[in-house]
Amino acid sequence: MWSKYLDASSRLHDLERYLEHTQAYLHREQAYFRDEAHSDLEIEFLPLYRDTFPPILNASVIISVAMLLEQEIRELAASLIAALDLEIKFNDLAGSVLERFRILAVKVVGLKFEDTRFQWADLVGLFELRNCIIHCQGMLSVFQRSAVVLTFASKHEPLLVVDGQAVPTDKTSEVAVRIASWFLLVAYASALQHCPGPNSHHLKSVLQREKR
């Protein structure tokens, strides 16, 4: 599990670095059009860097983070089932990937997710925001679980709502990465309490360091 955690954290870190580099590029372009470009060019192209590209970038990050988490949730579930020799299959459980994992991890295995910096509601909000973006282009009026998205937004203030459409911002992406990072750390640390291995102390030391 230590190696799985390192792999997941590495991929999430790569995504975070990509976001940082791309945001820096967009900010440089905005500054160029604001301070140096010919006024006609600024009028023509600045909206692309101010209004068009950032929401596309941030929506792609939300979707990518949710996909990474779904992959890791399935991997961790399979590891728990194998390590504890459970007579159950992940797909036997009902609900979404996240709902099935929570049933398996909390109710079946008995993992503890007690750190206050991890909240299941944050993870649910992140997944529902992803669903809203993919299936409804962010239009809250036609998304059945829009209340979950709005609750998520009111807690973290990561969204703009323009004419009823949820528009992810730089902060939305940063919040998504932070939620994913903390979930992975707490989930794998909790799993190792039930399935200790030769490298369990490494992940426990990381968790202790993060708590300081």
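**Entry 1: the helix that holds isoleucine 73**

A helix, as I use the word here, is a DSSP run of H or I that is at least four residues long, and helices are numbered from the N terminus. With that settled, I looked up isoleucine 73 and found its place in helix α2. I keep in mind throughout that this is a predicted model.

Is isoleucine 73 buried or exposed? Its relative accessibility is 0%, and because buried means under 20%, isoleucine 73 counts as buried. I then asked which residues isoleucine 73 is in contact with, leaving aside its neighbours within four places in sequence. I noted Phe90, Val97, Leu98, Phe101, Phe127 and Phe183. For one of these, phenylalanine 101, I also looked up the spacing: the two residues are 28 residues apart along the chain, while their C-alpha atoms are separated by 6.7 Å.

**Entry 2: the chain as a whole**

I stepped back to see the setting of α2, and I found seven helices and two strands in the protein chain. Read along the sequence, the elements follow the pattern α-α-α-α-α-β-β-α-α, and of the 212 residues, 44% count as buried. I also looked up how far apart in sequence the contacting residues lie: among contacts with a separation of 6 or more, 62% are between residues 24 or more positions apart.

**Entry 3: phenylalanine 101 and the core**

I followed phenylalanine 101 next, again leaving aside its neighbours within four places in sequence, and its contacts include Ile73, Leu76, Ala77 and Leu80, as well as Phe90, Phe113, Trp120 and Phe183. Which residues touch the most other members of the largest nonpolar core? This core has 60 residues, and the ones I was looking for are Val65, Phe101, Phe113 and Phe183. At least two residues of this core come from each of α1 (2–35), α2, α3, α4, α5 and α6 (170–194). My textbook note to go with this is that nonpolar side chains tend to be buried together in soluble globular proteins.

**Entry 4: one side of α3, one face of α5**

In α3, I listed Val97, Leu98, Arg100, Phe101, Leu104, Ala105 and Val109 as the buried residues. They lie on the same side of α3, because they cover an arc of only 165 degrees around the axis.

I repeated the search in α5, where Ser146, Val149, Phe152, Ala153 and His156 are buried. Seen down the axis of α5, these buried residues fall within an arc of 125 degrees, so they line one face of the helix. On the other side of α5, I found Ala147, Thr151 and Ser154 exposed. What covers the buried residues of α5? The cover includes α4, β1 (159–162) and α6.

**Entry 5: positive phi angles**

I wrote down as background that most residues other than glycine have a negative phi. Aspartate 85, which is not a glycine, nevertheless has a positive phi of about 55 degrees, and I located aspartate 85 in the loop between α2 (39–83) and α3. Aspartate 85 is exposed, with a relative accessible area of 65%.

Glutamine 137 is likewise not a glycine and has a positive phi of about 55 degrees. I placed glutamine 137 in the loop between α4 and α5 (146–156), and at 52% relative accessibility it counts as exposed. I also checked what follows two of the helices: glycine 110 follows α3 with a positive phi near 90 degrees, and glutamate 157 follows α5 with a positive phi near 50 degrees.

**Entry 6: the second largest pocket**

How much space lies in the second largest pocket? I noted about 280 Å³. The pocket is lined by 16 residues, and those closest to its centre are Ser96, Leu98, Glu99, Val124 and Arg145. Both α3 (97–109) and α4 (120–136) supply at least two residues of the lining, and the largest share, seven residues, comes from α3. By type, I sorted the lining into seven nonpolar, two polar and seven charged residues.

**Entry 7: serine 79**

My last search returned to helix α2, where serine 79 lies. Serine 79 is buried, with a relative accessible area of 15%. Serine 79 and lysine 4 are 75 residues apart in sequence, and I found them 9.7 Å apart in space, C-alpha to C-alpha.

Methods. Residues numbered from 1 in each chain as written. Predicted model: local features only at pLDDT ≥ 70, side-chain atom pairs only at ≥ 80, totals over all residues. Heavy atoms only, no water. 1 Å grid on protein atoms, 1.4 Å probe; cavity = no way out; pocket = protein on both sides within 12 Å on 5 of 7 lines; lining within 4 Å. Points joined across faces, edges and corners; volume = space filled by probe spheres on them. Nonpolar A, V, L, I, M, F, W, Y, C, P; charged D, E, K, R; others polar. Buried < 20%, exposed > 50% of the residue type's maximum accessible area, 1.4 Å probe, protein only. Arc of directions from axis to C-beta. Core = buried A, V, L, I, M, F, W, Y, C linked by side-chain atoms within 4.5 Å. Contact = heavy atoms within 4.5 Å.
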